[in-house]
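Welcome to a set of short exercises on reading a protein model. Try each task yourself before you look at the solution, and keep the viewer open as you go.

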Amino acid sequence: MMEIQWEIKRIEELRQLLQQASYAYYVLDAPIMEDAVYDQLYRELQELETKYSELITLDSPTQRVGEKPATHFTSVRHNIPLYSLENAFNIDELQTWDQRWRRQVPKVDQVEYVAELKIDGSALALTYENGSLVRGVTRGDGVVGEDITQNVRTIRSIPLRLNFAGSKSLQKVEVRGEVFLPLEMFKQINIERQKAGENLFANPRNAAAGTLRQLDSRVVARRGLDFFAYTLHISGMDDASIANTQWEALELLAKMGFSVDPNHKLCRSMAEVAEYYQYWDTQRLNLPYMTDGVVVKLNYFKLQEQLGFTQKFPRWAVALKYPAEEAPTRVENISVNVGRTGALTPLAEMRPVQLAGTTVSRATLHNSDRIVQLDIRIGDTVIVRKAGEIIPEVVRVLKELRPDDTQPFEMPTNCPVCAQPVVRESGEAVTRCVNASCPAILKGEIEHWVSRDALDIKGMGEKLVHQLVDRGLVYSVADLYDLTVEELCGLERMGQKSAQKLIDAVAQSKNQPWSRVLYGLGIRHVGNVNAELLTQKYPTVQQLAAAKQSDIAGIYGIGAEIAQSVYQWFRIGANQLLIERLKNAELQLAVTEPRTTVSTGNQNLTGKTFVVTGTLPTLSRDEAKKLIENAGGKVTNSVSKKTDYLLVGEDAGSKLAKAEALGITQLSEALLLQMLAN
């Protein structure tokens, strides 16, 4: 009896010793024991856990690598959206950001900034419950990511258990950070892939992202990924009692056992931020990992809360990027594009040039102010780059190479599509067509409506949308639901079969949730993340239409600008008519009630045992249980080796962790319904 008690106590001692050794080796880069000693202690723990298998916990050092590859990744909704950052590409743009937030909060006693290197990797959200890691999720679209917990456990710089006094009393801790591949490891992997005749990774960022999505965690473990933590959210107690600032949060993350990039700096002025940025412009080339800029955050959390978010970005942070690859080319024409909001955007049409691995022939000129600033003309030789390595833009004009016969370019006074006068509101840089019947605006609205993140109508591409508008078949997105096969058959490259397929796709879009419909309406400033937040607060279109502007602005992540846009949109008569037509077309204008029945006449789940955890998107647990039992399956309350499937919903608990340890297949609600249908 005494021996058993000693061995059980020894298990916990070994776990603590090995965790301390891993932290010292992988995070502090200051080993506290020889490798041979570590291996000996590790084997001793393995033997004891084999003897007392019921005592194995997921935060044990022996559980970092799973033996069974995953069959798929489960989609998980983030508790707090992972917003991207607004980009600035020089000190002047950084100053513009600083001036903009100061106008919103004019009376600030003290301002401090935290400057951190922007690591070129993949964002990751980690969840700890009572001090232990329970979930690791990719960024995804910022609202929904993929659960890759099994792979996250293999990253040695991510603690399985928080190394922090009192961490077990913290109900939930969420840590955000960047997974990256060190340069030496990247080179080694590409050498191995070249020898094996495999395609090489283009850069460390792609290699890290591809590695994270490997189904076999043993492959992930061999790749040597690393992690830097930079954001901390704590639930279950007053955050202010732990950290009031970003600087304090970084210090606390380090105490918890996370690797934090040591090169961050507390700055008390924009001048200090600029100095930090300029220093690392050259010194970053000596780092063992890739960085493409500096992230600048306002230090005080209370100030961050006051500023809030736009539809895409936090107002209290900005990514100051280093100059991208640049190349010279010649401007052959300047055209003007009209978008779905009526904005006129000038485009430089250029002689094709290779830039950052792609051929570039067009670049945005943004607006008339930018054209005046550049003094760009047809025939000019210009320098182009990829802003954020994605969007081509003109950086400057080489005026010494300008031909003698060039003329200054002027923005049109009439819309290039509908010929109606355009306007430029006071205080705005954008020139707009305000003709609601403008074909360009209508085409843009429909293209947005059918896009993947909105109603996702397969087969309705840009060319088809243009035909529908040009032929007078569609004057509103609501008209899509009145189209007939006969009308579609009159279009180019549209036969009976393809027409029917498109009609079916349009009909299928009626099942898209209320949040996607709201996003598809194209309300100015409302992105897909904001649409999710709005529909959570207002589950029906009637509730949102009747909401006060101040109440909408009070939603975390929304703010005054978006609230005003939403409020005003629902006050316009034409938009009210559109909502009524969409309602008559039977689109989802409310969060749908859970389904009570699913058509299934088979017994294809006979002999299979299920466990349900978390909140499912549309089914209650009782409804899910009834569906499984009607198909011959069995539902139990606890996970064991006899469990065949774990049905996983949002905010899954300890059952998910245990299922992962046992290698049990995970199902989403959608996959369950697919199994039932099959």
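**Exercise 1. A sheet and its helix**

In what order do the strands of the open sheet of four strands lie, and is their pairing parallel or antiparallel?

*Solution.* Before starting, note that this is a predicted model: local features need pLDDT of at least 70, side-chain atom pairs count only at pLDDT 80 or more, and totals for chains, interfaces and linings use all residues. Residues are numbered from 1 along each chain as its sequence is written, and side-chain values use heavy atoms, with hydrogens and water left out.

Step 1. The order is S20-S19-S21-S22, and the pairing is parallel. Strands here (E, at least two residues) and helices (H or I, at least four) are DSSP runs, numbered from the N terminus. Two strands pair if DSSP finds at least two bridges between them.

Step 2. Look for the edges: strand S20 (634-636) and strand S22 (665-667) each pair on one side only. On average, neighbouring strands of this sheet are turned by 35 degrees against each other, direction ignored.

Step 3. Now pick one pair. S19 and strand S21 (residues 645-648) run parallel and are joined by four bridges. One partnership to find is Val611 with Leu646 in S21.

Step 4. Add the helix. Helix H23 (residues 654-662) packs on the sheet and touches S19, S21 and S22. Its direction makes about 145 degrees with that of S21. Such angles run from 0 to 180 degrees between N-to-C directions, with axes fitted to C-alpha atoms, for helices over the stretch in contact.

**Exercise 2. One residue in that sheet**

Is Thr609 buried or exposed?

*Solution.* Step 1. Find Thr609 in strand S19 (residues 609-613).

Step 2. Thr609 has a relative accessible area of 15%, so it is buried. The cut-offs are under 20% for buried, over 50% for exposed, and partly exposed in between (1.4 Å probe, protein chains only).

Step 3. Check the neighbours. Not counting residues up to four places away in sequence, Thr609 touches Lys634, Thr636, Lys642, Thr643, Asp644 and Tyr645. A contact means heavy atoms within 4.5 Å.

**Exercise 3. A second sheet**

Which strands are the edges of the sheet with the order S2-S11-S10-S3-S9?

*Solution.* Step 1. Five strands form this open sheet, and the pairing is mixed.

Step 2. The edges are strand S2 (87-88) and strand S9 (265-267), each of which pairs on one side only.

Step 3. Inside the sheet, strand S3 (residues 113-119) and strand S10 (residues 291-298) run antiparallel, joined by seven bridges. Tyr113 has Leu298 as its bridge partner in S10. Tyr113 also belongs to the largest nonpolar core, which has 89 residues, and is among those with the most contacts inside that core. A nonpolar core is a set of buried Ala, Val, Leu, Ile, Met, Phe, Trp, Tyr and Cys residues joined through side-chain atoms within 4.5 Å.

Step 4. Find two helices. Helix H3 (residues 91-104) lies across S2, S3, S10 and strand S11 (317-321), at about 170 degrees to S11. Helix H9 (residues 270-283) lies across S3, S9, S10 and S11, at about 20 degrees to S3.

**Exercise 4. A hairpin**

How many residues lie between S12 and S13 in their hairpin?

*Solution.* Step 1. Five residues lie between them, and Gly342 in the turn has a positive phi of about 85 degrees.

Step 2. Strand S12 (residues 326-338) and strand S13 (residues 344-355) run antiparallel with seven bridges. Val336 stands opposite Pro346 in S13.

Step 3. Follow the chain onward: S13 also pairs with strand S14 (residues 358-364), in the antiparallel sense over six bridges. Here Glu349 has Arg362 in S14 as its bridge partner.

**Exercise 5. An annotated residue**

Where is Glu178 found?

*Solution.* Step 1. Glu178 is found in strand S7 (residues 172-180).

Step 2. Its relative accessible area is 11%, so Glu178 is buried.

Step 3. Glu178 touches residues including Ile119, Asp226 and Tyr230.

Step 4. Compare with the record. The UniProt annotation "binding site", from an unreviewed entry, covers Glu178 and other residues, among them Asp35, Arg139 and Lys321. UniProt positions are given in the numbering used here, feature names are shortened, and annotations may be inferred rather than shown by experiment.
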